[in-house]
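Biologist: I'd like to go through this one with you and ask how you know what you say about it. Can we start with the ligand?

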Amino acid sequence: MKKLKFSLSILFLMFAMAAFSQTTLSLHTDQAKTQISKDIYGHFAEHLGRCIYGGIYVGEDSEIPNIRGFRDDVIGALIDMKIPLLRWPGGCFADTYHWKDGIGPRQERPSMVNVHWGGVTEDNSFGTHEFLDFCDLIKAEPYINLNVGSGTVQEASEWVEYVTSANISPMTDLRKKNGREEPWDVKYWGIGNENWGCGGNMTPDYYADLYNRFASYCRGDLYKIAGGPNVDDYNWMEVLMRKTMRHPHLVQGVSLHNYTFTTGWTDKGHATDFGEKEWIAVLNNTLKMETLVNRHSTIMDKYDPQKRVGLIVDEWGNWFNVEEGTNPGFLYQQNTLRDALVAGINLNIFNNHADRVKMANIAQTVNVLQSVILTKEDEMVLTPTYYVFKMYSVHQNAKLIPANLETGTYELDGKSVPAVHASASTKDDVVSITLCNLNPNKSESVDINITGNDFSSASGQIITSENMNDHNEFGSEESVNIKTFEVSKPKNGKLTVDLPAKSVVLVQMK
Ligand code: AHR
């Protein structure tokens, strides 16, 4: 009898724990000092599929409403989302791109074959002037990726001179002849892309030497970004840091690329057709970003203890199988509530590592991989990922609040992920907390304790939906977007919020 009573009370305890799982988030607002760079909220646009052509640029003669050939609707949406920065022209495309083919009168520009992406012919109608004009229109800072794989040092140094120099020189004369008198203010320059792979299949030693050479001839007050490792290639980071830090003035950033697949490169999984097994698999895989940032930062700390060199995560996001009936080389995929959770988790990770992560660029802005925008002819869809970027924009240039998160786990299929993921920041006397509930079945109660300030009011926003694979479709009402989320008033530095299952939430206090 005693045994039965004991088992019943254990069962009751387990039931109670399952029904009322509890998370505690302690925020130390008085210790907020590291700035979250706005550039963590950056984006990436490559000459790939329908990202540039059709997605951003339709040409001046298009019937789709446009300004100088750039889609009105896309410009408006990116401004609303507060896009801070855009990387271009690739990606793998960058190491095949010869910038002089993309300047001057459009009808005289030579065409090329986009060998990496679908083998389609590229007419070079979108080049340097168009990219920088587009950045002006969307009020984003430009980040240009130079060609190391198939380009020359001279070609790279001339591109920098053409864009940024105020001197009188052959390159600035050429720029002026092409209609641009003043130099552009372009600070960020990437020197090669994935040079361990599509950018030349180099060894880290060879690339690091090449980097030093290219960087020496790209002159000016620039923020130069070295092509960093693929995912967990810690040796690449080690060699690159060791060799480039012999000339510290030549390197300001090192990139890192990491994509999230359902299982792996050979089993990417479907973007919309998935169950709970694939839900947790994707969340579990994307959480590896935390380990990557930690371990790469530890190597960087060895050579750069002052954390002067930024870790630039200039390609990240979900990579699923292409939508049926689309060109496999165009990487077009839909975007669900699961993508919203992936975006929320990664942005929280970058915020929490703001001392080292100075920029991140989700791949890619329109119609490619985990896009914020999808277009079909003259129609436009804003994806769940778009709404996460819009919601999280409150963190741009805010101060990171050190936080302790105590949370349980959500488990399935031998996988275990934290129930809640969070980050917090403060700007203009407002505290902003972004929270993700990873569990698709259960709400989670979060006790927030704040030290260092007394707050009297709170407000909230939420992104969630009935089903985990809900997404926004052309020609239909949006299923996933931002809604108001009711929160009670904070009392004596404490606030409890109930996070609905599978949700991304913003709580703001002042
Ligand atoms: O974003 C698609 C591709 O992924 C990029 O071109 C390349 O850098 C990466 O492998």
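Biologist: What makes the pair formed by Glu-194 and an oxygen atom of the ligand a polar contact?

Modeller: In this predicted model, a polar side-chain atom of Glu-194 lies 2.7 Å from an oxygen atom of the ligand. The cut-off for a pair of N or O atoms is 3.5 Å, so a pair within that distance gets the name. Tyr-259 has a polar side-chain atom 2.7 Å from a ligand oxygen as well, and for Glu-315 the distance is 2.8 Å.

Biologist: Which residues are the closest to the ligand, and how many surround it?

Modeller: There are 13 around the ligand, and the closest are Glu-46, Cys-92, Glu-194, Tyr-259 and Glu-315.

Biologist: Moving on to the domains, how is the chain divided?

Modeller: Domain 1 takes 20–32 + 401–509, and domain 2 takes 38–396. Their C-alpha centres lie 29 Å apart.

Biologist: What makes you say that domain 1 and domain 2 are in contact?

Modeller: Contact calls for heavy atoms within 4.5 Å, and 45 residues of domain 1 meet that against 42 residues of domain 2. The area buried between the two is about 3500 Å², with 68% of it from carbon and sulfur atoms. His-421, Met-468 and Phe-474 supply 21% of the area that domain 1 buries there, more than any other three residues.

Biologist: How many salt bridges and how many polar pairs link domain 1 and domain 2?

Modeller: The salt bridge count is zero. For polar contacts, the count is 18 residue pairs.

Biologist: Which strand gives the most to the side of domain 1 that touches domain 2?

Modeller: That's E20, with six residues. By class, that side of domain 1 has 18 nonpolar, 19 polar and eight charged residues.

Biologist: Now the backbone. Which peptide bonds are cis?

Modeller: One is from Gly-90 to Gly-91, with omega near 15 degrees. Gly-91 sits in the loop between strand E5 (85–88) and strand E6 (112–114). Another cis bond runs from Ala-363 to Gln-364, with omega near -15 degrees. You'll find Gln-364 in the loop between strand E13 (357–363) and strand E14 (373–376).

Biologist: What is the phi of Val-231, and where is that residue?

Modeller: Val-231 has a positive phi of about 45 degrees, although it is not a glycine. Look for Val-231 in the loop between strand E10 (223–226) and helix H7 (234–244).

Methods
Residues are numbered from 1 along each chain as its sequence is written. This is a predicted model: local features need pLDDT of at least 70, side-chain atom pairs count only at pLDDT 80 or more; totals for chains, interfaces and linings use all residues. Side-chain values use heavy atoms; hydrogens and water are left out. Domain bounds come from an automatic or database domain assignment. Buried area is the accessible area (1.4 Å probe) that two parts lose on being put together, summed over both. A salt bridge is a side-chain nitrogen of Lys or Arg within 4 Å of a carboxyl oxygen of Asp or Glu. A polar contact is a pair of N or O atoms within 3.5 Å; within protein, one must be able to donate a hydrogen and the other to accept it, and residues adjacent in sequence count only if both atoms are side-chain atoms. Helices (H or I, at least four residues) and strands (E, at least two) are DSSP runs, numbered from the N terminus. Ala, Val, Leu, Ile, Met, Phe, Trp, Tyr, Cys and Pro count as nonpolar, Asp, Glu, Lys and Arg as charged, and the others, Gly among them, as polar. A residue is near a molecule or strand if one of its heavy atoms lies within 4 Å of it.
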